[in-house]
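Here is my note on this model, point by point. Please read it with the structure open.

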Amino acid sequence: RERAQWVMEAAPATGCKLFLHFLGTNGWFSTDNARTVCAVIETPSRYIMLDCGDGVSRLDDVVLHGRADERGVDLFLSHFHLDHTYGLHIITRFADKLGKGLRIFCQPGGKAILDNLVNHPFMASFADLARRGVELSVHELQVGTNTIPVHPLSPSQESYQVEALPLVHADPCWGYRFMLSSSMTGTGKPLTLAYCTDTGACDNITALATDVSTLITECSLLPHSKTDSTWPHLTPERAAGFARQAHCQRLFLTHFGAAQYTQETRAVAQEAARQTFANTVASTDGATFALD
């Protein structure tokens, strides 16, 4: 109830122009309570999507509300496990609402992986999406800071920066630090936000999250659990420890282990994290938060 009240009251009261929408908050597989991981940062000029699990099926209900939107979507993939990419099979549902197109950003070698995955016989291909009118492109990022033009063809040359660093997982996985200018946020203030999911403990979480306003990180393991070194993940206490160490302003937990977590145990995880970092929220599907 406390979390829902925050969502309903904060945005209208501040005239907010920046929102964080959680469309899917499970890792591994969907359950009755949650779909696989996908979140959207809404800015006045662009949507920034964080991974593309089947939570993306909520895009219309939670973000677009049935309307076409000219802002377009920048999708940042942390890695290529299916709980983070299955939503590419669903994206055709929104082909007529994506406005200035869909740009996919990923690690080096990702274009070849996506050309195989987003193709027959697995799903509609990129060529099929293009025939539906979707302006789609794939861009491979480099380790370090990348400059992303908001609209490549716009004379304004407005851009934002994304720092990419490798995390620790069973397969190559990247975390991101988003640096949005005051002109892009529309608030007169810049915004920094870090996204680190599907990872065990590593120094790059701290590097990406230092002094950000918002850290979004994973919580695959139950409190006090031990991680598997071959497939590492975080407990809520460890996630909160990184938020405190990095001097973040707030922490959102997501990517809850589908085999371990229910709505009730998510509340337990939130309280466990708050013992270390008070401003922690366990995310839920369909939740929206003001960012300014």
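1. Does Cys38 count as buried or exposed? Cys38 is buried, because its relative accessibility is 0%. Bear in mind throughout that this is a predicted model.

2. Why does Cys38 form no disulfide? The closest cysteine sulfur is in Cys52, 5.3 Å away, which is too far for a bond. The cut-off for a disulfide is 2.5 Å between the sulfur atoms.

3. Cys106 is also unpaired, because its closest cysteine sulfur, in Cys173, lies 13 Å away, too far for a bond. Cys106 counts as buried, at 0% relative accessibility. The disulfide count for the model is zero.

4. Turn next to helix α4, residues 110-117. Its buried residues are Gly110, Leu114 and Leu117. They line one face of the helix, because they fall within an arc of 65° when α4 is seen down its axis. The general rule is that an α-helix has 3.6 residues a turn, so residues three or four places apart point the same way.

5. What do the buried residues of α4 pack against? Their partners are two helices, α3 (82-85) and α5 (126-131), and two strands, β6 (102-106) and β7 (136-140).

6. Now the largest pocket. Its volume is about 300 Å³. The lining has 15 residues. Nearest the centre lie Trp28, Ser220, Trp231, His233 and His255.

7. Which strand gives the largest share of that lining? Strand β13 (residues 250-257) does, with three residues. By type, the lining of the largest pocket has eight polar, four nonpolar and three charged residues.

How values were computed: Residues numbered from 1 in each chain as written. Predicted model: local features only at pLDDT ≥ 70, side-chain atom pairs only at ≥ 80, totals over all residues. Heavy atoms only, no water. Buried < 20%, exposed > 50% of the residue type's maximum accessible area, 1.4 Å probe, protein only. Helix = DSSP H or I, 4+ residues; strand = E, 2+ residues; numbered from the N terminus. Arc of directions from axis to C-beta. Contact = heavy atoms within 4.5 Å. 1 Å grid on protein atoms, 1.4 Å probe; cavity = no way out; pocket = protein on both sides within 12 Å on 5 of 7 lines; lining within 4 Å. Points joined across faces, edges and corners; volume = space filled by probe spheres on them. Nonpolar A, V, L, I, M, F, W, Y, C, P; charged D, E, K, R; others polar.
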